[in-house]
Amino acid sequence: MTAAKELLTALGVPPAAYGQGTITARSPIDGTTLGQVADAGAEGMNTAIAHAHAAFLAWREVPAPRRGELVRLFGEELRAHKSHLAALVTLEAGKITSEGLGEVQEMIDICDFAVGLSRQLHGLTIASERPGHRMMEQWHPLGVVGVISAFNFPVAVWAWNAALALVCGDSVVWKPSEKTPLTALATQALFERAVQRFGKEAPPHLSQVCNGGAATGAALVAHPQVALVSATGSTRMGRAVGPQVAARFGRCLLELGGNNAIIVAPSADLDLAVRGIVFGAWGTAGQRCTTTRRVIAHHSIHDALVERLERARASLKIGDPRQPGVLVGPLIDHAAFEAMQQALAQAREQGGHVAGGARVLGSTDPEAYYVQPALVQMPGQTAVVCQETFAPILYTLRYETLDEAIALQNAVPQGLSSAIFSNDLREAEAFLSATGSDCGIANVNIGTSGAEIGGAFGGEKETGGGRESGSDAWKNYMRRATNTVNYSRSLPLAQGVQFDV
C-alpha cells in the first residue's frame with residue numbers, strides 16, 4: 001500500500017479516490033492490497049454520460065488545432081510523470097519495468113500523432129456530374145465515446161482512443177478493468193492537470209473515469225447518447241457488447257482475442273526468429289492479445305528451432321517484475337493460472353509434449369501466480385491450439401509447404417497478428433498477399449507482438465474488425481457529411497432526371 005500511495009500522490013490522485021469502495025485493487029506481484037475504489041454503478045455511469053454529452057456540445061465548437069493543443073499538454077504531463085505512471089502500471093498489472101515504461105511511451109507517441117492529426121482532419125473534393133456544382137465531404141465530431149479497457153494494457157489502449165477522440169471533437173467516458181482501477185485514476189489526474197493548463201475552452205467532464213463492474217459497463221454499452229463504444233477484451237465480451245450497441249444503431253469498435261502464429265521458413269535467420277518468438281510468446285507473461293501462441297515451423301528446421309527455444313525458455317528469469325534482469329512477471333490472478341493449467345492438461349490429452357508450465361515462487365509469494373513459460377510440441381492443430389489462453393504457452397507445429405503453413409495459420413477463429421521469418425522474397429510476398437495471412441497485422445522478420453502507433457491496430461474474424469491508433473483510424477471518431485453546393489442559376493437533377501414544374 002505504501003508504494004502505491006507514494007506513486008498515486010506523485011501523480012496527483014487524492015487519497016479519497018482510492019481509500020474506500022467495493023473494488024479492491026491488488027498487486028499481482030505479491031497479492032497485496034493497493035487500494036479500495038468506488039463502483040460507479042449504472043447510476044453513476046448514466047450521470048457521467050449526461051455530463052459527457054454536455055461537454056461534447058461545447059467541445060465540438062473548439063477548432064480542431066486548438067483541441068490538439070490540449071492533447072499536446074497532456075503529452076507533456078505524461079512525459080513529466082512517465083516513470084511514476086510506469087511504476088504504477090508495473091505494480092498493478094505486473095509488467096516488467098521496461099514494459100511499463102514502454103506502455104506510457106505509447107501514450108506519449110499517440111498524443112504526438114494526434115496533435116499533428118488535429119490539422120489534417122480533411123475530407124475530399126469530388127467531381128460533380130452537374131455543371132455549376134461542387135461536391136465535397138466533411139468530417140464532423142461524433143459525440144460521446146465510451147472506452148472499455150482490459151488489464152493487460154491498462155492505460156495505453158485508453159490513450160489510443162482518447163487522444164484521437166479528443167482532437168476529433170468528442171468527449172470520453174472510460175470504464176477500466178476492475179483489475180487495474182488505480183492506473184486509470186492516475187491517468188485521469190494527469191489529464192486534469194493538462195486541462196487546467198489549457199484553460200476555460202475545455203468544458204468540464206471532457207474525460208471521465210467510471211470504475212465498476214458488469215452493471216457499470218452495461219450502462220455504458222446501452223446508453224443511447226454514447227455514439228461509439230470502443231471495447232477491448234475477450235471474444236466472449238465482444239459477443240455481448242456488439243449486438244447491444246448494434247441494436248440501438250450505435251457504433252462499435254471491438255478489439256478482442258488473438259491466436260497469433262509465426263511461420264518459420266527453411267530460409268529463416270534462426271537467431272532472429274528465436275528472439276522474435278521468445279519475446280512474442282513469453283513477454284508480458286503471455287498476456288498480450290498479440291502474444292505469439294503458435295509457431296508453425298518447416299519440418300526441416302522444426303527440431304533445431306524447438307531445441308533453441310527450449311534453451312531460451314529455461315533461461316528466462318521469473319520473478320518480481322521490478323527487479324533487474326527479470327523478464328517474466330506474474331499472471332494477473334489465480335483464474336489466469338487455472339486457465340493455463342487447464343489448457344496444458346488438454347494439450348497433453350490431445351497428444352502434446354509439454355515443457356514447463358508449473359507454478360514457481362509459491363512458497364515466497366503465496367498470493368501471487370508466477371509460472372514457468374510453457375513450450376508445447378503438438379502433433380497437429382488440435383482444439384486447444386485453436387483456443388486463446390491468456391498465458392505464456394507456445395505451441396509448435398510442423399509444415400511441409402508454404403500453402404499448408406498459411407492454411408494452418410488461418411484455420412483459427414481469431415485474426416489479429418501474424419508473422420513469417422523468411423529470407424525468400426517470394427515466400428514473404430505470398431504471405432502478405434490476398435491469399436496469405438488473413439490477419440489485420442502481418443509482419444515479415446519481426447514477431448507478432450509490439451505494434452507501433454503509426455499503423456492502425458486491430459484484426460479480423462473473432463478479433464472483432466476494429467481499428468485503433470494510427471493510419472486513418474481517426475475516422476471511427478467522426479461522422480462523414482457529403483455536401484453539394486450549387487453555384488449556378490439552374491437546378492439540374494442527378495442522373496439526368498427531368499421533373500419540370
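Is Lys461 buried, partly exposed or exposed, and what is its relative accessibility? In this predicted model, Lys461 has a relative accessibility of 39% and counts as partly exposed. The side chain of Lys461 meets that of Asp438 in a salt bridge, with an N to O distance of 2.7 Å. This pair links distant parts of the chain, since Lys461 belongs to strand S21 (residues 460–461) while Asp438 is found in the loop between helix H14 (425–432) and strand S19 (441–444), 23 residues apart. Asp438 is likewise classed as partly exposed, at 25% relative accessibility.

The Lys461 and Asp438 pair was identified in a search of the whole structure that finds 20 salt bridges. Salt bridges that share partners join Glu69, Arg72, Glu76, Glu77 and Arg197 into one network. Within this network, Glu69 and Arg72 form a salt bridge of 2.8 Å, N to O. These two residues are three apart in helix H3 (residues 64–80) and are therefore separated by about one helical turn. Glu69 is partly exposed, with a relative accessible area of 23%, and Arg72 is also partly exposed, with a value of 33%. A further salt bridge connects Arg197 with Glu77, the closest N and O atoms being 3.0 Å apart. Here the contact spans distant parts of the chain: Arg197 lies in helix H7 (residues 181–198) and Glu77 in helix H3, 120 residues apart. Arg197 counts as partly exposed at 43% relative accessibility, whereas Glu77 is buried, with a relative accessible area of 8%.

Disulfides were examined next. A search of the whole structure finds zero disulfides. Cys111 is accordingly in no disulfide, and the nearest cysteine sulfur, that of Cys168, is 13 Å away. Cys111 counts as buried, at 1% relative accessibility. For Cys439, the closest cysteine sulfur is that of Cys289, and the separation of 12 Å is too far for a bond. Cys439 also counts as buried, at 16% relative accessibility.

Pockets and cavities were then considered. The largest pocket holds about 1300 Å³ of space. Its lining comprises 46 residues, of which Lys179, Gly233, Ser234, Arg236 and Met237 lie nearest the centre. Helix H8 (214–222), helix H9 (235–247) and helix H12 (334–349) each supply at least two residues of this lining, and H12 gives the most, with seven residues. Two cavities of 30 Å³ or more are found in the whole structure. The largest cavity has a volume of about 50 Å³, and its lining residues include Ala93, Gly94, Lys95, Ile96, Thr284, Leu327 and Pro330.

Backbone geometry was examined at two serines. Most residues other than glycine have a negative phi. Ser469 has a positive phi, near 80°, and Ser471 has a positive phi near 55°. Ser469 is placed in strand S22 (residues 468–469) and is buried, with a relative accessible area of 1%. Ser471 lies in the loop between S22 and S23 and counts as partly exposed, at 42% relative accessibility.

At the surface, Leu491, Leu493, Val497, Phe499 and Val501 make a nonpolar patch of about 620 Å². Leu491 lies in the segment after strand S23 (478–486) and is exposed, with a relative accessible area of 68%.

Notes: Residues numbered from 1 in each chain as written. Predicted model: local features only at pLDDT ≥ 70, side-chain atom pairs only at ≥ 80, totals over all residues. Heavy atoms only, no water. Patch = residues over 30% accessible without salt bridge, like charges linked within 9 Å, V, L, I, M, F, W, Y side chains within 5 Å. Areas by Shrake-Rupley, 256 points an atom, 1.4 Å probe, with all protein chains shown as cover. Salt bridge = Lys/Arg side-chain N within 4 Å of Asp/Glu carboxyl O. Helix = DSSP H or I, 4+ residues; strand = E, 2+ residues; numbered from the N terminus. Buried < 20%, exposed > 50% of the residue type's maximum accessible area, 1.4 Å probe, protein only. Disulfide = S-S within 2.5 Å. 1 Å grid on protein atoms, 1.4 Å probe; cavity = no way out; pocket = protein on both sides within 12 Å on 5 of 7 lines; lining within 4 Å. Points joined across faces, edges and corners; volume = space filled by probe spheres on them.
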